[in-house]
Amino acid sequence: YDSRLVIDHDSMRGSFIHGRRELYNMVLYALIDNAGKYQYFEAGDIKIWAATKPSSEVLELYVENQGLEILKEEEQSIFENDGRGLMATSSKIDGSGIGLWLCSEIMKKYGGSIELDNRFEPVRFKLTFKKRGRA
C-alpha cells in the first residue's frame, strides 16, 4: 500500500501489557493491513497511538485511517467470522472477513477488547489491553 505509517512511540513508553507478544503482533498486523487495504486509493496516513492514565489498569491503543465508511448497522457484525462491511464488499476489495474476528478473539483471550471507535473520517479502531507490572 502507498500509505505512510505514523506511530506515536512516546504515548506507549513505560506501559506493559498482559498477553502474548506473538498474538498481539497478529492483531496489529491485521489492523494495519486492513487500514492500508481499505484506505481510499490505498494511500494516506495510518496512525497508531496509545492513551493511558497512570492510575488506569488498561492501555488503549488506536489504529486509524481515512478508509471506507463502516455503516452504523455493521458496527458489531464486522467482528463476526466472515463479517465484512457493505462498502468493503461493494468496492470489490479482497478479504476473507476473518481478520477482525480473529483480532476480537485474541483480545478477549487476555481480558482485552477491540471496538470501532469511529466509523468514518477517520475510521478508528480501539484496542484495550490489560496492563501488568514491569517485566
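Let's start with the largest nonpolar core, which has 26 residues in this predicted model. Leu31, Ile114, Phe125 and Leu127 are the members that touch the most others in it. Which elements give two or more residues to this core? They are H1, S2, S3, H3, S4 and S5. The top contributor is H1, with six residues.

If you'd like one residue to click on, try Phe125. Setting aside neighbours within four places in sequence, Phe125 has contacts that include Leu31, Leu61, Tyr62, Val63 and Ile70. Also among them are Ile78, Phe79, Leu100, Ile114 and Leu116. The list is not purely nonpolar in name either: Glu115 and Asp117 are on it.

Now, on to the aromatic rings. How many aromatic pairs does the structure hold? The count is five, and I'll walk you through two of them.

First up, Tyr24 and Phe129. Their ring centres sit 4.8 Å apart and the planes meet at 85°, so this pair is edge-to-face. Tyr24 belongs to helix H1, residues 21-37, while Phe129 belongs to strand S5, residues 123-130, so the pair ties together parts that are 105 residues apart in sequence. Are these two buried or exposed? Tyr24 is buried, at a relative accessible area of 7%, and Phe129 is buried too, at 4%. There is a third ring to look for here, since Tyr110 joins Tyr24 and Phe129 in one aromatic cluster.

The other pair is Tyr40 with Phe120. Here the centres are 6.5 Å apart and the planes are at 75°, so this pair is edge-to-face as well. Both residues sit in loops: Tyr40 in the one between H1 and strand S2 (43-51), and Phe120 in the one between strand S4 (113-119) and S5. That links parts of the chain 80 residues apart. As for accessibility, Tyr40 is partly exposed, with a relative accessible area of 36%, and Phe120 is partly exposed at 27%.

Let's turn to charges. The model has 11 salt bridges, and I picked three to show you.

Back in helix H1, Asp33 forms a salt bridge with Lys37, and the closest N and O atoms are 3.8 Å apart. These two residues are four apart in the helix, about one turn. Is Lys37 buried or exposed? Lys37 has a relative accessible area of 17%, and the cut-off for buried is under 20%, so Lys37 counts as buried.

Helix H3, residues 99-109, has a salt bridge of its own. Glu105 and Lys108 meet there with 3.3 Å from N to O. They are three residues apart, about one turn of the helix. Glu105 is partly exposed, at 35% relative accessibility.

My last example reaches across the chain. Arg119 pairs with Glu69 in a salt bridge whose closest N and O atoms are 3.9 Å apart. Arg119 is in strand S4, and Glu69 is in the loop between strand S3 (58-65) and helix H2 (86-90), so the bridge links parts 50 residues apart. Arg119 is partly exposed, with a relative accessible area of 26%, and Glu69 is partly exposed, also with a value of 26%.

Does that bridge stand alone, or is it part of a network? It is part of one: salt bridges that share partners join Glu69, Lys72, Glu75 and Arg119.

That's my tour, and I'm happy to take questions.

Notes: Residues are numbered from 1 along each chain as its sequence is written. This is a predicted model: local features need pLDDT of at least 70, side-chain atom pairs count only at pLDDT 80 or more; totals for chains, interfaces and linings use all residues. Side-chain values use heavy atoms; hydrogens and water are left out. Rings of Phe, Tyr and Trp (its six-membered ring) pair if their centres lie within 6.5 Å; planes under 30 degrees apart count as stacked, over 60 as edge-to-face and the rest as tilted. Buried means under 20% relative accessible area, exposed over 50%, partly exposed in between (1.4 Å probe, protein chains only). A salt bridge is a side-chain nitrogen of Lys or Arg within 4 Å of a carboxyl oxygen of Asp or Glu. A nonpolar core is a set of buried Ala, Val, Leu, Ile, Met, Phe, Trp, Tyr and Cys residues joined through side-chain atoms within 4.5 Å. Contact means heavy atoms within 4.5 Å.
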